[in-house]
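Thanks for coming. I have one chain to go through, and I will move from the whole to the details.

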Amino acid sequence: MTPEQSRAARGILGWSVRDLAEKAEVGVNTVSRFENSGEAMHSTVTKMQAALEAGGVAFITSGTYQGDGGPGVRQKKLPNE
């Protein structure tokens with residue numbers, strides 16, 4: 001997960017930095033530092049990504065779609081869609 005994907009995922013979910021920090025069980029400063037500079041331990045990024053995925057987003061890797069612009073994020077389909 002990139003810092004840009006983290007910010008986009010929070011936007012989709014309507015989560016604040018504090019919301020993500022609480023759900024991922026990491027510090028607010030940790031989320032802010034990652035989203036602003038990309039600095040974080042791999043295990044921390046994994047926790048944040050897992051929390052965002054549990055909240056309802058899916059991460060898209062570069063090359064998923066032909067002619068794509070790189071990695072991204074989207075809202076997961078609801079079970080009845």
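Of the 81 residues in the chain, 36% are buried. Keep in mind that this is a predicted model. The accessible surface of the chain comes to about 5,100 Å², and carbon and sulfur atoms hold 48% of that area. On contacts, take those with a separation of 6 or more: 45% of them in the chain are between residues 24 or more positions apart.

Next, the elements. The chain has four helices and two strands. Read from the N terminus, the order is α-α-α-α-β-β, with the helices ahead of the strands.

I will start in helix α1, which covers residues 3–13. Ser6 sits in that helix. Is Ser6 buried or exposed? Its relative accessibility is 0%, and therefore Ser6 counts as buried. What does Ser6 touch, once neighbours within four places in sequence are set aside? The contacts of Ser6 are Met1, Leu20, Phe34, Glu35 and Leu52.

Leu20 comes back in the next item, the packing of α2 on α4. Helix α4 spans residues 42–55, and α2 spans 17–24. The axes of α2 and α4 come within 8 Å of each other and cross at roughly 105 degrees. Angles of 65 to 115 degrees count as roughly perpendicular, so α2 is roughly perpendicular to α4. Which residues make this contact? From α2 there are Leu20, Lys23 and Ala24; from α4 there are Lys47, Met48, Ala51 and Leu52. By class, the residues of the contact of α2 with α4 are five nonpolar, two charged and no polar. Leu20 and Leu52, both in this contact, are also among the residues that Ser6 touches.

Staying in helix α4, look at Thr44. With a relative accessibility of 13%, Thr44 counts as buried, because the cut-off is under 20%. Leaving out residues up to four places away in sequence, Thr44 is in contact with Val26 and Thr30.

Now the loop between α2 and α3, where α3 is residues 28–37. Glu25 is located in this loop. What is unusual for a residue that is not a glycine is the sign of phi. Most residues other than glycine have a negative phi. Glu25 is not a glycine, yet its phi is positive, at about 55 degrees. As for accessibility, Glu25 is at 65%, so Glu25 counts as exposed.

That leaves the strands. β1 and β2 run antiparallel and are joined by four bridges. Within that pairing, Ile60 stands opposite Gly72 of β2. Which residues of β1 lie on each side? Val57 and Phe59 are on one side, with Ala58 and Ile60 on the other. These four residues are all buried, and both faces of β1 are covered.

Last, the loop between β1 (57–60) and β2 (72–75), which holds Gly70. At 16% relative accessibility, Gly70 counts as buried, because that value is under 20%. Not counting residues up to four places away in sequence, Gly70 touches Thr61 and Ser62. How far is Gly70 from Ile60? The two are 10 residues apart in sequence, and 8.2 Å apart in space from C-alpha to C-alpha.

To recap the two loop residues: Glu25 is exposed, whereas Gly70 is buried. That is the end of the tour.

How values were computed
Residues numbered from 1 in each chain as written. Predicted model: local features only at pLDDT ≥ 70, side-chain atom pairs only at ≥ 80, totals over all residues. Heavy atoms only, no water. Buried < 20%, exposed > 50% of the residue type's maximum accessible area, 1.4 Å probe, protein only. Contact = heavy atoms within 4.5 Å. Axes fitted to C-alpha atoms, helices over the stretch in contact; angles between N-to-C directions. Parallel < 35°, antiparallel > 145°, perpendicular 65-115°, else oblique. Nonpolar A, V, L, I, M, F, W, Y, C, P; charged D, E, K, R; others polar. Pairing = 2+ DSSP bridges. Areas by Shrake-Rupley, 256 points an atom, 1.4 Å probe, with all protein chains shown as cover.
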